[in-house]
Amino acid sequence: MTETERPLIEQACARVVIQFSNFNDKRDYEALCSLFTEDASFARPTDPDNYLNGRDNILAAFRARPNDRITRHLISNIVIDVVDGSHAKGTCYATLFMAPADAEPAMFGVKASASQLIGEFDMDFRLTRDGWKIARQGGRIIFTT
Amino acid sequence: MTETERPLIEQACARVVIQFSNFNDKRDYEALCSLFTEDASFARPTDPDNYLNGRDNILAAFRARPNDRITRHLISNIVIDVVDGSHAKGTCYATLFMAPADAEPAMFGVKASASQLIGEFDMDFRLTRDGWKIARQGGRIIFTT
Amino acid sequence: MTETERPLIEQACARVVIQFSNFNDKRDYEALCSLFTEDASFARPTDPDNYLNGRDNILAAFRARPNDRITRHLISNIVIDVVDGSHAKGTCYATLFMAPADAEPAMFGVKASASQLIGEFDMDFRLTRDGWKIARQGGRIIFTT
């Protein structure tokens, strides 16, 4: 791995971190799960010890979620550590704003639920023939506002 | 376009996205409008169907805004999709904190208005002789807290 | 400095900006202070006119802080301006969520303190034999929520 490769890997993995949350907020779970390796494992920050194994199982779990919320996961503080030319690790903070799907309209948008969650994700990335993918993702909630 | 160009374009456009909000918060509307192409169109997230056309008209509209607020637009989740060597698209989330210009002092800074707005921007970028510029920017508010 | 160097410097310095806050939130003050040049100066956003001089003094000040809070500094809007091949400047926004170390548990994580602080950092960077380091960092609080 050359010193020019490292920042390119950092940038590619940071993009995956953001896409994860953007696809989640769009309820585009196929696109979201295309970010995982086939053998990926994933645990939600609200249930951090319960890892799902395999992209298909992760997809099934996302699809089984009740579709009754509007969400925005605001991602910040992304740091990617390149391990070697085909492995990297990453961390970020996430702030979750939510509202029920039938939330009362506000002057602009809808009224958000009173509480936000501030948490962290940590990820392992692997280079596949389709680019950098999430091989493992976990997380935990730090604060409820 | 080579595979080294793509991340450079992503980075250049992401910088423009952030500068837009930073210049806005500084009330530096000339600098803000220098981020647009001459023929750019722009709609505010709070008035998403009302596009202004032309950099000069956009500048006039920004200058006409009442100068009575302190703002910080916190930008996150930037994703830039490169279309070709001279076109790109982008999205981001924005969280707007505000206070009236005569807000009451807090122990640190001033007391922010009770409500924040969480919204989205979407942009088209074009490469000009002066670098990457915003050719179109729209947006909408998702949540009021 | 070539046009390929500029984005690499921007990326390297942006990473330092984020690491500063991540190490701070982990109370890893040795790692935090390894981000500074030996002759660095630093002022806290809550005490912006009181610059500490020298990495050792900065480390001592961080170590002397009461260790009674959980914090997350959410960093956004990072813009790095490269001055030359060994100097750069940067700005970012920071949103600080806090709770006392003995905060009451919430359904997820702990209950955050009611008020957040939204502020800004500004930094000078210098290239050293150990990479890009913070030579000066200041800041100020804009809003208390």
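Student: In chain A, what share of the contacts with a separation of 6 or more comes from residues 24 or more positions apart?
Tutor: In chain A, 55% of the contacts with a separation of 6 or more are between residues that lie 24 or more positions apart, and two residues are in contact if their C-beta atoms, placed from the backbone, lie within 7 Å. This is a predicted model, in which local features need pLDDT of at least 70 and side-chain atom pairs count only at pLDDT 80 or more, while totals for chains, interfaces and linings use all residues. Residues are numbered from 1 along each chain as its sequence is written, whereas chains are lettered from A and ligands numbered from 1 in the order in which they are written.

Student: OK, and how many helices and strands does chain A have?
Tutor: Chain A has three helices and seven strands, where helices (H or I, at least four residues) and strands (E, at least two) are DSSP runs, numbered from the N terminus. Read from the N terminus on, the elements of chain A follow the order α-α-β-β-α-β-β-β-β-β.

Student: What about the radius of gyration of chain A, and how does it fit a compact globule?
Tutor: The radius of gyration of chain A is 16 Å, which agrees with the value near 15 Å that a compact globule of 145 residues would have. The radius is taken over C-alpha atoms, and the globule rule is 2.2 Å times the number of residues to the power 0.38. Along the principal axes, the C-alpha atoms of chain A fill a box of roughly 55 × 30 × 25 Å.

Student: And how much of chain A counts as buried?
Tutor: Of its 145 residues, 41% count as buried. A residue is buried if 20 or more other C-beta atoms lie within 10 Å of its own, exposed if 12 or fewer do, and partly exposed in between, with the C-beta atoms again placed from the backbone.

Student: New topic: what turn lays chain C on chain A?
Tutor: A turn of 120° with a shift of 0.0 Å along the axis lays chain C on chain A with an RMSD of 0.0 Å, the copies being superposed by least squares on the C-alpha atoms of residues with pLDDT of at least 70 in both. The two copies are therefore related as by a three-fold rotation axis.

Student: Which residue of chain C comes closest to that axis?
Tutor: That is Ser76(C), whose C-alpha lies 3.8 Å from the rotation axis. The copies use different surfaces, since just 5% of the contact residues of chain C recur in chain A.

Student: How many residues are in the contact of chain C with chain A?
Tutor: There, 21 residues of chain C are in contact with 16 residues of chain A. On the side of chain C that touches chain A, at least two residues each come from helix H1 (5-25), strand E3 (69-84), strand E4 (87-100) and strand E5 (110-111) of chain C.

Student: Which element gives the largest share of that side?
Tutor: The largest share of the side of chain C that touches chain A comes from H1(C), with seven residues. By class, this side has 12 nonpolar, six polar and three charged residues; Ala, Val, Leu, Ile, Met, Phe, Trp, Tyr, Cys and Pro count as nonpolar, Asp, Glu, Lys and Arg as charged, and the others, Gly among them, as polar.

Student: Do strands pair there too, I mean, which way do strand E7 of chain A and E5(C) run?
Tutor: They run parallel, and two bridges join strand E7 (residues 131-144) of chain A to E5(C), where two strands pair if DSSP finds at least two bridges between them. Within this pair, Phe143(A) stands opposite Val110(C) in E5(C).

Student: What about chains B and C, which residue stands opposite Lys111(B)?
Tutor: Lys111(B) stands opposite Thr144(C) in E7(C), and two bridges join E5(B) to strand E7 (residues 131-144) of chain C, which run parallel. The contact takes 21 residues from chain B and 16 residues from chain C, and H1(B) gives the most to the side of chain B that touches chain C, with seven residues.

Student: Last one: what is the sign of phi in Asn77(C)?
Tutor: Phi of Asn77(C) is near 60°, a positive value in a residue other than glycine. Most residues other than glycine have a negative phi. Asn77(C) lies in strand E3 of chain C, and Asn77(C) counts as buried because 22 other C-beta atoms lie within 10 Å.
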